[in-house]
Amino acid sequence: MPELLQLQQVSGGYHGRTVVHEVSLSIAEGEAVAAVGANGAGKTTLLRLIMGQLPLSGGQVFFAGRDLARLPPFERVRLGIGYVPEGRALFPEMTVEENLEIGAYRASRADLRQRLAYIYQIFPKLQRLRQTRCRLLSGGEQQMVTVGRALMTHPRLLILDEPSTGLAPRVVGELYQALRALHAGGLTVFVVEQNAYAALRFAQRGYVFEDGHITRVAPAAELLHDPRLVESYVGRASPMASS
Ligand SMILES: Nc1ncnc2c1ncn2[C@@H]1O[C@H](COP(=O)(O)OP(=O)(O)OP(=O)(O)O)[C@@H](O)[C@H]1O
């Protein structure tokens with residue numbers, strides 16, 4: 001399978017302090033990959049480096065064979081990287097549908113209708129809530145809108161930063177069901193999580209991220225059953241989280 005996203009020795013951080021150290025990672029077209037690590041390991045920073053929200057201090061990022069150096073974030077989105085940031089960042093006074101439409105503000109009416117129909121098929125609940133202001137939604141519903149908004153740009157790769165944060169185990173299960181459906185439909189997915197159990201149950205391969213370094217890469221099923229990892233990360237999340 002061809003590599004869709006490739007990181008070669010990527011480093012970066014804040015104000016001269018390196019937080020991500022020479023990370024190399026690759027994701028093939030059609031794969032579902034997780035990166036798991038503790039609070040503060042540098043997971044969000046890594047995603048900001050991939051999206052171009054932070055400058056690299058070393059290394060290279062390739063998407064579909066193209067070096068992304070000097071491409072601003074919106075150009076990376078246009079190339080096919082959908083990004084679901086931590087913390088959701090919705091417009092609270094706007095409706096579900098208005099928030100979704102923001103994800104595709106340049107689309108034609110016909111394309112917009114087609115994209116909305118696709119998102120309502122993945123998240124039927126959002127169709128019922130489409131005229132509801134986002135501030136009135138539950139955390140899980142807001143997360144669905146955030147994922148839906150990223151899907152409005154027709155991504156080839158969907159990157160999610162801690163999508164299960166703050167959600168009840170049952171809702172985490174629903175969210176990962178939707179990610180499974182998207183992956184089964186051909187979307188490449190990269191999810192970064194502290195909730196290692198849910199992410200590794202979903203993914204085919206997993207990276208372990210510790211203190212800004214990749215310390216391990218293995219099939220997700222293998223990581224799920226590793227006694228040291230189970231103790232460090234997997235055990236933190238209830239097994240119900242993947243149901
Ligand atoms: N804007 C910033 N300015 C300075 N330092 C930052 C900034 N954002 C994060 N850091 C630092 O970078 C390190 C890694 O943070 P990061 O948010 O990438 O970790 P994380 O693995 O995503 O953790 P979390 O699960 O808490 O989001 C931390 O030491 C953090 O304090």
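The following paragraphs lead through a predicted model, from an antiparallel sheet to the ligand shell, a parallel set of strands and the nonpolar core.

The antiparallel sheet is a convenient place to begin. It is open and contains 4 strands, arranged in the order β2-β1-β4-β5. Its edges are formed by β2, residues 17-28, and β5, residues 66-67, each of which pairs on one side only. Helix α1 packs on this sheet and touches β1, β2 and β4. The direction of α1 makes an angle of about 70° with that of β2. In general, the strands of a sheet pair through backbone hydrogen bonds, in either a parallel or an antiparallel sense.

Within this sheet, β1 and β2 are antiparallel partners joined over 8 bridges. One position in this pairing is V10, whose bridge partner in β2 is V23. The two strands form a hairpin with 2 residues between them, and in this hairpin H15 adopts a positive phi near 50°. Strand β1, which covers residues 3-14, also pairs with β4, residues 58-63, in the antiparallel sense over 5 bridges. Across this second pairing, L5 stands opposite F63 of β4, and L7 stands opposite V61 of β4.

V19 offers a closer view of strand β2, in which it lies. Is V19 buried or exposed? V19 counts as buried because it has 20 C-beta neighbours inside 10 Å, and the threshold for burial is 20 or more. Apart from residues up to four places away in sequence, V19 touches G12, G13, Y14, G42, T45 and G212. By contrast with these contacts, the C-alpha atoms of V19 and M152 are separated by 31 Å, the two residues being 133 apart along the chain.

One of the contacts of V19 is T45, and T45 is also among the buried residues of α1. This helix is mostly covered, with 8 of its 9 residues buried. The buried set consists of K43, T45, L46, L47, R48, L49, I50 and M51. Just after the helix, G52 takes a positive phi of about 85°.

The ligand brings several of these residues together. Of the 13 residues around it, those that come nearest are Y14, A41, K43, T44 and T45. Helix α1, spanning residues 43-51, gives the most to this shell, contributing 3 residues. How do the residues of the shell divide into nonpolar, polar and charged, and how many belong to each class? There are 3 nonpolar, 7 polar and 3 charged residues.

A second set of strand pairings runs in the parallel sense. Strand β6, residues 81-84, is joined to β7 by 4 bridges, and these two strands run parallel. In this pairing, L158 of β7 is the bridge partner of G82. Strand β7 is also joined to β8, residues 188-193, by 5 bridges, again with a parallel run. Here D161 stands opposite V192 of β8.

Strand β7 itself, residues 157-161, is mostly covered, as 5 of its 5 residues are buried. In a regular strand, side chains alternate between the two faces of the sheet. In β7, L157, I159 and D161 point one way, while L158 and L160 point the other way, and all are buried.

From β7, I159 leads into the nonpolar core. The largest such core has 69 residues, and the members that touch the most others are A34, I159, V191, A199, L200, F202 and A203. Helix α8, residues 196-202, gives the most to this core, with 6 residues. In soluble globular proteins, nonpolar side chains tend to be buried together. Leaving aside neighbours within four places in sequence, I159 is in contact with L47, I50, I81, G82, Y83, V84 and F190. Of these partners, L47 and I50 are buried residues of α1.

The last stop is T146, situated in helix α6, which covers residues 139-151. T146 is buried, because 25 other C-beta atoms lie within 10 Å. Beyond its neighbours within four places in sequence, T146 is in contact with V84, R88 and L90. V84 is also a contact of I159. The C-alpha atoms of T146 and G87, residues 59 apart along the chain, are separated by 9.3 Å.

Definitions and conventions
Residues are numbered from 1 along each chain as its sequence is written. This is a predicted model: local features need pLDDT of at least 70, side-chain atom pairs count only at pLDDT 80 or more; totals for chains, interfaces and linings use all residues. A nonpolar core is a set of buried Ala, Val, Leu, Ile, Met, Phe, Trp, Tyr and Cys residues joined through C-beta atoms within 7 Å. A residue is buried if 20 or more other C-beta atoms lie within 10 Å of its own, exposed if 12 or fewer, and partly exposed in between; C-beta atoms are placed from the backbone. Two residues are in contact if their C-beta atoms, placed from the backbone, lie within 7 Å. A residue is near a molecule or strand if its C-beta atom, placed from the backbone, lies within 6 Å of it. Ala, Val, Leu, Ile, Met, Phe, Trp, Tyr, Cys and Pro count as nonpolar, Asp, Glu, Lys and Arg as charged, and the others, Gly among them, as polar. Two strands pair if DSSP finds at least two bridges between them. Axes are lines fitted to C-alpha atoms, for helices over the stretch in contact, and angles run from 0 to 180 degrees between N-to-C directions.
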